[in-house]
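Welcome! Open your viewer, get comfortable with rotating and selecting, and follow along one stop at a time.

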Amino acid sequence: MSGTIPGRKKTASYTRRYPRYGMDVRMNVEVFRAGNVSYFWGRSTELGLDGIGGTLTGDLEPGEVVSMEFPLPLSPFPVKLRAIVRYRIGLHYGFEFLTPTPDQRAALDRVCQMLAAGS
């Protein structure tokens, strides 16, 4: 899946900065809209250093900023990040992480290296 968005042809104008690796974990997502917080859950399908893709129970739109939480292999605690919805195809979403901390980035890097070695 590296290099393209599902359902989208690879073009010169779009390439991923980092490869994605298959990963299946539960994701919890919340979005703040019009004074209310909506909570959704789902399953990840892929992880990269800069984002995650997955299928969710809710209805999000590209451009919305969400808070998300999901477990990482090799980490004792789930990672909690803010992310922006980059694309939506049906119930499948692609998220780009916003300002991960150095510790979060290091944990994501370790997991990506582990998933790459297992590919």
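A nonpolar core is a set of buried Ala, Val, Leu, Ile, Met, Phe, Trp, Tyr and Cys residues joined through side-chain atoms within 4.5 Å. Keep in mind that the model on your screen is predicted.

**Stop 1: the core**

Select L47, L60, M68, F70 and F95. In the largest nonpolar core, which has 28 residues, these five touch the most other members. Now colour the elements that feed this core: β2 (26–33), β3 (36–48), β4 (51–56), β5 (65–70), β6 (79–89), β7 (92–98) and α1 (102–118) each supply at least two of its residues. Which element gives the largest share? Show α1, which provides 5 residues. As background, nonpolar side chains in soluble globular proteins tend to be buried together.

**Stop 2: a pair of rings**

Searching the whole structure turns up 2 aromatic pairs. For one of them, select F70 and F97: their ring centres are 6.1 Å apart and their planes meet at 20°. Why does this pair count as stacked? Planes under 30 degrees apart count as stacked, and the angle here is 20°, so the pair qualifies. F70 sits in strand β5 and F97 in strand β7, so the pair ties together parts that are 27 residues apart in sequence. Both F70 and F97 are buried.

Stay on F70 and show its surroundings. Leaving out residues up to four places away in sequence, F70 touches M23, V25, R26, M27, L47, I52, P78, V79, L81 and F97.

**Stop 3: M23**

One of the neighbours of F70 is M23, so select M23 next. You will find M23 in the loop between β1 (20–22) and β2. Is M23 buried or exposed? Its relative accessible area is 6%, so M23 is buried. Not counting residues up to four places away in sequence, the contacts of M23 include S44, L47, P71, V111 and L115. Try a distance too: from C-alpha to C-alpha, M23 and G53 are 9.2 Å apart in space, while 30 residues separate them in sequence.

**Stop 4: D50**

For the last stop, select D50, in the loop between β3 and β4. With a relative accessible area of 13%, D50 is buried. Show side chains and look for R17: the side chains of D50 and R17 make a polar contact at 3.3 Å. Beyond four places away in sequence, D50 touches R17, Y18, R20, F95, E96 and F97. In that list you meet F97 again, the ring partner of F70.

How values were computed. Residues numbered from 1 in each chain as written. Predicted model: local features only at pLDDT ≥ 70, side-chain atom pairs only at ≥ 80, totals over all residues. Heavy atoms only, no water. Buried < 20%, exposed > 50% of the residue type's maximum accessible area, 1.4 Å probe, protein only. Helix = DSSP H or I, 4+ residues; strand = E, 2+ residues; numbered from the N terminus. Contact = heavy atoms within 4.5 Å. Polar contact = N/O pair within 3.5 Å; in protein donor to acceptor, adjacent residues only side chain to side chain. Phe/Tyr/Trp six-rings, centres within 6.5 Å; stacked < 30°, edge-to-face > 60°.
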